[in-house]
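Here is a short briefing on selected side-chain contacts. Please look over the sequence and structure first.

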Amino acid sequence: SAEELSDARVSGAQEQVFHTVARVTVADEDRVGFGDQRPRYDICFPEDLESLNFRQLPAGTMLGWYSESALGLRVSDNSGDDVSEYYLAYRDGRILLRRSCLLSMLTSDITVIYQDCLCYIMEPYPL
């Protein structure tokens, strides 16, 4: 739909138009911090988290760390269905991308993370 369109573009041989396919949120119960500060925080993100914004990230990219007590990130598609397992993997205390994707509106503002979301996941429209 028109409201899902974005001006996000990835440089390359040809321009691509991306659309939002999912939203990543943090549970209110999870304590969020920056840098690997487990177990003080349930989920920790890298200090330079926002540097991952609007870049095509490969599968295996680390988004952060989690403690055993963490509920984990929730990825919801545009219908509100939980698609977390399609996009995220939890291995050895690290939160990883399962597949290549583009993250948009990625924020390190903890208020925004709790009140809205951590980021959106975008994918290119098929050509």
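The points below cover aromatic pairs, a charge over a ring, and one loop aspartate.

The model is predicted. By the ring-pairing rule, the count comes to three aromatic pairs. Two of these pairs are described here, starting with phenylalanine 34 and phenylalanine 45 and followed by tyrosine 86 and tyrosine 87.

**Phenylalanine pair**
- The ring centres of phenylalanine 34 and phenylalanine 45 are 6.0 Å apart.
- Their planes meet at 45 degrees, so the pair is tilted; edge-to-face would need over 60 degrees, and stacked under 30.
- Phenylalanine 34 belongs to strand 2 (residues 32-34), and phenylalanine 45 to strand 3 (residues 43-45).
- The pair therefore ties together parts that are eleven residues apart in sequence.
- Both phenylalanine 34 and phenylalanine 45 are buried.

**Tyrosine pair and arginine 99**
- Tyrosine 86 and tyrosine 87 have ring centres 4.8 Å apart.
- Their planes are at 85 degrees, so this pair is edge-to-face.
- Tyrosine 86 is partly exposed, at 44% relative accessible area, whereas tyrosine 87 is buried, at 5%.
- Arginine 99 places its charged end over the ring of tyrosine 86, 3.6 Å from the ring centre.

**Aspartate 116**
- Aspartate 116 sits in the loop between helix 2 (110-115) and strand 10 (119-124).
- Its relative accessible area is 34%, so aspartate 116 is partly exposed.
- Leaving aside residues up to four places away in sequence, aspartate 116 touches Arg23 and Thr25.
- Aspartate 116 and arginine 23 are 93 residues apart along the chain, yet their C-alpha atoms are separated by 9.4 Å.

Technical notes. Residues are numbered from 1 along each chain as its sequence is written. This is a predicted model: local features need pLDDT of at least 70, side-chain atom pairs count only at pLDDT 80 or more; totals for chains, interfaces and linings use all residues. Side-chain values use heavy atoms; hydrogens and water are left out. Helices (H or I, at least four residues) and strands (E, at least two) are DSSP runs, numbered from the N terminus. Buried means under 20% relative accessible area, exposed over 50%, partly exposed in between (1.4 Å probe, protein chains only). Contact means heavy atoms within 4.5 Å. Rings of Phe, Tyr and Trp (its six-membered ring) pair if their centres lie within 6.5 Å; planes under 30 degrees apart count as stacked, over 60 as edge-to-face and the rest as tilted. A charge sits over a ring if NZ of Lys or CZ of Arg is within 6 Å of the ring centre and within 35 degrees of the ring normal.
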